[in-house]
Structure formats: C-alpha cells, structure tokens
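The following exercises concern the structure shown below. Each task is followed by a solution that proceeds step by step.

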Amino acid sequence: MVAEAGGEAVAGERQALDLLGDAHYRGASWVAVPVERLGVEFFRLRSGVAGAVVQKFAQYRMGLAVVGDVAEQVAASDALRDFVRESNRGLQLWFVADLAELAERLAE
C-alpha cells in the first residue's frame with residue numbers, strides 16, 4: 001500500500017495504527033510512506049517516534065518503507081545514519097529513494 005503524500009503526518013502510534021488498519025483492510029504486507037508524511041520528530045531518534053511507529057509495524061508483522069530522500073536528515077545525525085543503514089539490512093523497515101527501488105527490493 002502506498003500512503004498519500006498529503007495525508008496526516010505520522011507523528012506517533014495512533015497514525016501508525018491508522019495506516020496499519022488501512023493496509024490490513026487492503027490486504028497489504030508493506031506500507032510505503034512518503035518522507036513528507038513523517039515529521040521532524042520521526043528523524044530525531046531521541047524523541048522515540050520512529051521507535052514507536054516501527055514497533056507497531058513489527059507487532060502487526062507489516063513492513064514499512066520510508067520513500068524519498070533522507071540525505072539531509074542522515075547528514076545531520078550519525079545515529080540516524082546508523083539506524084537507516086541497519087534498517088535497510090533487515091526485513092521490517094527500509095529507507096528507499098523511490099517506489100521503483102521499493103519494487104526491486106520486494107522482488108528479491
């Protein structure tokens with residue numbers, strides 16, 4: 001499922017649950033969320049927002065893909081850079097440049 005760029009910001013567990021409910025209804029196994037839908041707090045790991053959102057997706061066994069350019073956020077935080085790198089090695093959370101890259105990863 002691809003979330004619309006103009007939807008409500010994913011600022012915590014409630015918005016994550018809304019996305020999960022919609023994805024489950026549609027029979028999706030992954031949700032692609034445009035970077036624009038994620039607030040500044042998501043990329044500030046100390047806030048706990050990213051952890052809470054990712055944990056909800058893991059609990060419901062649904063993949064989460066952050067779609068778009070995160071270079072600026074990664075450049076500003078070593079912790080975020082490491083988080084992105086480790087996430088992309090796993091099977092739960094991926095940071096991808098665009099939907100084409102996501103499609104390639106899903107096809108592997």
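**Exercise 1. Determine the surroundings of Val35.**

Solution. The model is a predicted one. Leaving out residues up to four places away in sequence, Val35 touches Phe43, Val66, Val67, Gly68, Asp69, Val70 and Gln73. Next, place the residue: Val35 belongs to the loop between E1 and H2. Its relative accessibility is 11%; buried means under 20%, so Val35 counts as buried. Finally, consider a residue that is not among these contacts. Gln55 is 20 residues from Val35 along the chain, and the two C-alpha atoms are separated by 18 Å.

**Exercise 2. Establish the order and the sense of pairing of the strands in the sheet.**

Solution. Begin with the individual pairings. E1 and E2 run parallel and are joined by five bridges. Two of the residue pairs can be named: Val31 has Leu64 of E2 as its bridge partner, and Val33 has Val66 of E2. On the other side, E2 pairs with E3 in the parallel sense over four bridges, and the partner of Leu64 in E3 is Leu93. Leu64 is therefore a bridge partner of both Val31 and Leu93.

Now assemble the sheet. The three strands form an open sheet in the order E1-E2-E3, with parallel pairing. E1 and E3 are the edge strands, each pairing on one side only. On average, neighbouring strands are turned by 20 degrees against each other, direction ignored.

**Exercise 3. Decide how far E2 is enclosed, and describe where its side chains point.**

Solution. First, examine burial: five of the five residues of E2 are buried, so the strand is largely enclosed by the rest of the structure. Second, sort the residues by direction. Gly63, Ala65 and Val67 point one way, whereas Leu64 and Val66 point the other way.

**Exercise 4. Describe the placement of H3 and identify what covers its buried residues.**

Solution. Start with the orientation. H3 lies across E1, E2 and E3 and runs at about 140 degrees to E2. The buried residues of the helix are Val49, Ala50, Ala52, Val53, Val54, Lys56 and Phe57. Their cover includes H1, E1, H2, E2, H5 and E3.

Continue past the end of the helix. Just after H3, Arg61 takes a positive phi of about 50 degrees, although this residue is not a glycine. Arg61 is found in the loop between H3 and E2. With a relative accessible area of 75%, Arg61 is exposed.

**Exercise 5. Analyse the composition of the largest nonpolar core.**

Solution. The core has 27 residues, of which Val33, Phe42, Phe43, Val53, Phe57, Val66 and Phe95 touch the most other members. Then assign the core to elements: H1, E1, H2, H3, E2, H5 and E3 each give two or more residues. H3 provides the largest share, five residues.

Take Phe95 as an example of the contacts. Leaving aside neighbours within four places in sequence, Phe95 is in contact with Phe42, Phe43, Val66, Val70, Phe83, Val84, Ser87, Asn88 and Glu101. A second core, separate from this one, has seven residues, including Ala65, Val67, Val96 and Leu102.

**Exercise 6. Classify the aromatic pairs formed by Trp30 with Trp94 and by Phe42 with Phe43.**

Solution. A pair of aromatic rings is described by the distance of the centres and the angle of the planes. A search of the whole structure finds three aromatic pairs; two are treated here.

For Trp30 and Trp94, the ring centres are 4.2 Å apart and the planes stand at 25 degrees. Planes under 30 degrees apart count as stacked, so this pair is stacked. Trp30 lies in E1 and Trp94 in E3, so the pair ties together parts that are 64 residues apart in sequence. Both Trp30 and Trp94 are buried. Trp94 has a further partner: Arg105 lies over the face of its ring, at 4.1 Å from the ring centre.

For Phe42 and Phe43, the centres are 5.2 Å apart and the planes are at 75 degrees. The cut-off for edge-to-face is over 60 degrees, so the pair is edge-to-face. Phe42 and Phe43 are both buried.

Key: Residues numbered from 1 in each chain as written. Predicted model: local features only at pLDDT ≥ 70, side-chain atom pairs only at ≥ 80, totals over all residues. Heavy atoms only, no water. Phe/Tyr/Trp six-rings, centres within 6.5 Å; stacked < 30°, edge-to-face > 60°. Buried < 20%, exposed > 50% of the residue type's maximum accessible area, 1.4 Å probe, protein only. Lys NZ or Arg CZ within 6 Å of the ring centre and 35° of its normal. Core = buried A, V, L, I, M, F, W, Y, C linked by side-chain atoms within 4.5 Å. Contact = heavy atoms within 4.5 Å. Pairing = 2+ DSSP bridges. Axes fitted to C-alpha atoms, helices over the stretch in contact; angles between N-to-C directions.
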